[in-house]
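Thank you all for coming; I would like to take a few minutes to walk you through one chain, going from its strands to its core and then to a loop. Please have the sequence and the structure open as I talk.

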Amino acid sequence: MIGRHPSLGPKANGWIISPSGLIITTGIYLSETLAEMMKLIFLITTVAFAQAQRSAIVYLFDPTGASNVTGSVQFSQSGNEVLVNGTLNGLAAGNHGFHIHNLGNIGEGCTASGPHFNPHNLTHGGPNDTVRHVGDLGNVLTTSDGISTINITDSVIALDGEHSIIGRTVVVHAGEDDLGQGGDSESLLTGNAGARLACGVIGILQESGASISTSSLFLVVSMAMLSQVMTIRRLFK
Ligand SMILES: [Cu+2]
Ligand SMILES: [Zn+2]
């Protein structure tokens with residue numbers, strides 16, 4: 001019997017001629033379906049990662065107890081930028097250096113966190129400079145009531161990849177960061193920001209939405225696969 005099997009969808013390009021022909025047709029149909037599904041999975045994965053939204057949080061305090069500086073700061077990825085928002089309490093009025101330091105270790109009064117996070121081995125700078133440490137977020141301004149409101153947008157730090165700040169330490173300093181303009185060697189290392197008054201290790205606040213959307217999209221893919229298998233099973237009945 002020669003004819004197009006009614007249960008073959010419009011995407012099937014084979015004709016059923018004989019049982020062996022049926023197997024060949026089904027084989028072509030299966031491999032085409034698999035190729036399409038691979039493309040779909042690739043697309044879904046790409047879309048899911050493009051939509052990834054991750055956020056992080058740090059609670060700051062003085063591990064030595066010497067200062068009463070406390071606070072919390074949140075980081076959220078928004079496209080290529082990271083929004084940095086938070087509040088600190090207990091600093092003297094004026095500017096205070098605010099950086100991401102290399103390690104996630106607040107020991108020895110925050111000094112165990114090491115130097116500024118600097119994966120490209122550049123000199124210290126301000127947040128708007130091309131030549132800067134990745135961790136150079138400049139200064140936070142404290143008003144006369146001892147409150148520092150942080151509202152920074154930065155396109156160099158990130159919440160994943162090479163510039164990821166997750167697991168590193170935020171440090172706020174006693175003095176103002178001169179942003180590398182101080183004219184001495186220390187300026188190009190630390191911005192002469194002085195003592196470390198409070199610090200905290202940056203942790204994951206929220207995983208990206210990718211895990212949720214990926215799982216729901218994989219469900220759709222699984223349903224599609226199941227329906228293909230059922231179509232093929234019908235062909236053999
Ligand atoms: Cu610092
Ligand atoms: Zn620096």
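Let me begin with a question: in the hairpin of β2 and β3, which residue takes a positive phi? It is G79, with a phi near 65°, in a hairpin that has 2 residues between the strands. I should say at once that this is a predicted model, and that everything I describe is computed from it.

Stepping back to the whole chain, we have 2 helices and 9 strands, and the order from the N terminus is α-β-β-β-β-β-β-β-β-β-α, with a helix at the start and another at the end of that series. Of the 237 residues, 28% are buried, and if we take the contacts between residues at least 6 apart in sequence, 62% of them join residues at least 24 apart.

Coming back to the hairpin strands, β2, which covers residues 70-78, pairs with β1, residues 55-60, in the antiparallel sense over 6 bridges, and β2 also pairs with β3, residues 81-89, again antiparallel, over 9 bridges. You can follow this pairing through S72, which is the bridge partner of Y59 and which has T87 as its bridge partner in β3.

A further antiparallel pair is formed by β4, residues 94-101, and β5, over 5 bridges, and here H96 stands opposite V140. Strand β5, residues 136-142, is mostly covered, with 6 of its 7 residues buried.

Turning to the interior, the largest nonpolar core has 29 residues, and those that touch the most other members are L60, V69, F75, I165, V170, V172 and C199. At least two residues of this core come from each of β1, β2, β3, β4, β5, β7 and β8. If we look at F75 and set aside its neighbours within four places in sequence, its contacts are S55, A56, V82, V84, L159, I165 and I202.

Finally, consider L188, which lies in the loop between β7 and β8: is L188 buried or partly exposed? L188 counts as partly exposed, because it has 18 C-beta neighbours inside 10 Å, whereas a buried residue needs 20 or more. Beyond its neighbours within four places in sequence, L188 is in contact with T123, H124 and G180, and its C-alpha atom is separated by 9.8 Å from that of H133, although the two residues are 55 apart along the chain.

Methods: Residues numbered from 1 in each chain as written. Chains lettered and ligands numbered in written order. Predicted model: local features only at pLDDT ≥ 70, side-chain atom pairs only at ≥ 80, totals over all residues. Helix = DSSP H or I, 4+ residues; strand = E, 2+ residues; numbered from the N terminus. Buried ≥ 20, exposed ≤ 12 C-beta atoms within 10 Å, placed from the backbone. Contact = placed C-beta atoms within 7 Å. Pairing = 2+ DSSP bridges. Core = buried A, V, L, I, M, F, W, Y, C linked by C-beta atoms within 7 Å.
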